[in-house]
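Hi,

Here is the structure I promised to pass on. Have a look at it first, and then read my notes below.

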Amino acid sequence: MSTEVLPGEDVALVDLLDRLLAGGVVLAGDITLAVADIDLVYVGLRALIASVASAERAGVRLP
Amino acid sequence: MTSKTLVAPPGDAAVRPELGDALSRRINTDPEGVERGLVQLVLTIVELLRQLMERQALRRVDAGGLSDEQVERLGQTLRLLADRMDELKQEFGLEDRDLNLDLGPLGRLL
Amino acid sequence: MIYLYAIIERLARAPACVGLNNGEVLAARASEVAGIYSRHEQIEARPEPAVLWRHEQVVEAAMGTGPALPVRFGTTFADENALLSSLEREGQRLSQRLDRVRGCVELAIRVGQAEARPREQPPRDGRAYVESKLDRLRRRQAIVRDTLRPLGDLAVETSHADGGSESEVVCASYLVESDQVDRFSESVTHLAERNPRLWLSCTGPWPPYSFSGLEEAA
């Protein structure tokens, strides 16, 4: 993997990853990241965390 | 692709390992390790919950109004949780970088 | 199967570029907005650098003729109808978001400690443990609030992560008008010079990933 990335571009790749995988518009499509099924759980987890974070911002008290 | 790096971080000791870890946490560098993946997944969830809880607890303390004793007890609990997590990681030979902790990125969402 | 890259204004032109697996990039037009997508028999959206950059390229091309909202990587629909009903349903909010990001790009900032802090054993004492964690939290808050203030002043909007409790690195995103990018970047360089105990990085310009979400109140 590191052969595809110029040394100075590590930061750019990480910043891109952060944005592509956790940012952007989320529409009610099917998010299908094609990797082992395990990674699909990570996708679900992100959605869960995002809703926790949103709930907190909205002032909802979490147990 | 033209460079997106406007201001690069220094290429020295303090920064490189952090970025390397950050990268490996976001991209699965071992797609063949499915069995390992199950353990990683479970521990990642546990660690995620631990960090969430710890963060909630810290905010509560920061908000004020807790007695010294309450703060002490809270701190001990958090400490125990962190210890237990370290033990689990050691048991399975996993380090933080193996736990996909940032979940693209956790930091952003926590 | 449909793979979605970005949301643009209803009447804007689809960018002339290829998408994942060299698929043709098309526009699906709903009442308020349009979706930029490609069609595939089957699509494997693997989060590998080449694929990620390709998605990014399509979004950037879409930004060539007007505002665009990047869509989260890996978003697919069964067909155009499914995509269109989603675009209809969210059309108004998407349209408002497009207005918000018009003429702007996103810049990504990271701030860390220049000297790696030694990994100390966390204190045994409960209160001390809490305090050491709170110290870190406050350090990070101070960075966002104080150190990065000049950047916030140059931006239309700011978004920052609280950060995982284990990390010292602060991440922040800034929505900046396109013609302010150079000024912003110089400001980052000056900040780095004025704060030798910190390291800073700035990447971009990016499509407005951090300012496209629908889950927050407008």
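Asn21(C) is partly exposed, since 15 other C-beta atoms lie within 10 Å, and being called buried would take 20 or more. This is a predicted model, by the way, so everything here is computed from its coordinates. Asn21(C) sits in the loop that links strand S1 (2–9) to strand S2 (25–29) of chain C. Its phi is near 55 degrees, which is a positive value in a residue other than glycine. The next residue to look at is Asn22(C), in the loop between S1 and S2 of chain C. Asn22(C) also has a positive phi near 55 degrees without being a glycine. Is Asn22(C) buried or exposed? It counts as exposed, because it has 8 C-beta neighbours inside 10 Å and the limit for that class is 12 or fewer.

On to the rest of chain C. Its secondary structure comes to five helices and nine strands, and along the sequence they follow the pattern β-β-β-α-β-β-α-β-α-α-β-β-α-β. The C-alpha trace spans about 60 × 40 × 35 Å along its principal axes. Of the 218 residues in chain C, 45% count as buried. If you take the contacts in chain C between residues at least 6 apart in sequence, 75% of them join residues at least 24 apart.

One helix in chain C deserves a look. Helix H2 (residues 80–101) of chain C has 22 residues, and a straight helix of that length would span 32 Å at 1.5 Å a residue, yet the end C-alpha atoms of this one span only 26 Å. Where does H2(C) bend? The bend is at Gly91(C), and it is about 70 degrees. Several residues of H2(C) are buried, among them Leu83(C), Leu87(C), Glu90(C), Leu94(C) and Arg97(C). Just after H2(C) comes Gly103(C), with a positive phi of about 75 degrees.

Further along there is a cis peptide bond between Gly204(C) and Pro205(C), with omega about -5 degrees. Pro205(C) belongs to strand S9 (residues 198–206) of chain C.

Now for where chains B and C meet. Helix H3 (residues 68–91) of chain B packs against helix H3 (residues 126–147) of chain C at an angle of about 75 degrees, with the axes 6 Å apart. That makes H3(B) roughly perpendicular to H3(C). On the chain B side the contact includes Asp68(B), Val71(B), Leu74(B) and Leu78(B), while H3(C) brings Gly126(C), Arg127(C), Tyr129(C) and Val130(C). By class, this contact has five nonpolar, three polar and five charged residues.

Leu74(B), which lies in helix H3 of chain B, is worth clicking on. It is buried, with 20 other C-beta atoms within 10 Å. Leaving out residues up to four places away in sequence, Leu74(B) touches Ala57(B) and Val61(B) as well as Gly126(C) and Val130(C).

Finally, chain A. It has two helices and one strand, in the order α-β-α from the N terminus. Of its 63 residues, 33% count as buried. Helix H1 (residues 10–22) of chain A should span 18 Å for its 13 residues at 1.5 Å a residue, and its end C-alpha atoms are indeed 18 Å apart. H1(A) is mostly covered, with 13 of its 13 residues buried. After H1(A) comes Gly24(A), with a positive phi near 80 degrees.

Cheers

Technical notes. Residues numbered from 1 in each chain as written. Chains lettered and ligands numbered in written order. Predicted model: local features only at pLDDT ≥ 70, side-chain atom pairs only at ≥ 80, totals over all residues. Axes fitted to C-alpha atoms, helices over the stretch in contact; angles between N-to-C directions. Helix = DSSP H or I, 4+ residues; strand = E, 2+ residues; numbered from the N terminus. Parallel < 35°, antiparallel > 145°, perpendicular 65-115°, else oblique. Contact = placed C-beta atoms within 7 Å. Nonpolar A, V, L, I, M, F, W, Y, C, P; charged D, E, K, R; others polar. Expected span 1.5 Å × (residues − 1). Bend = angle between axes of the 7 residues up to and from the residue.
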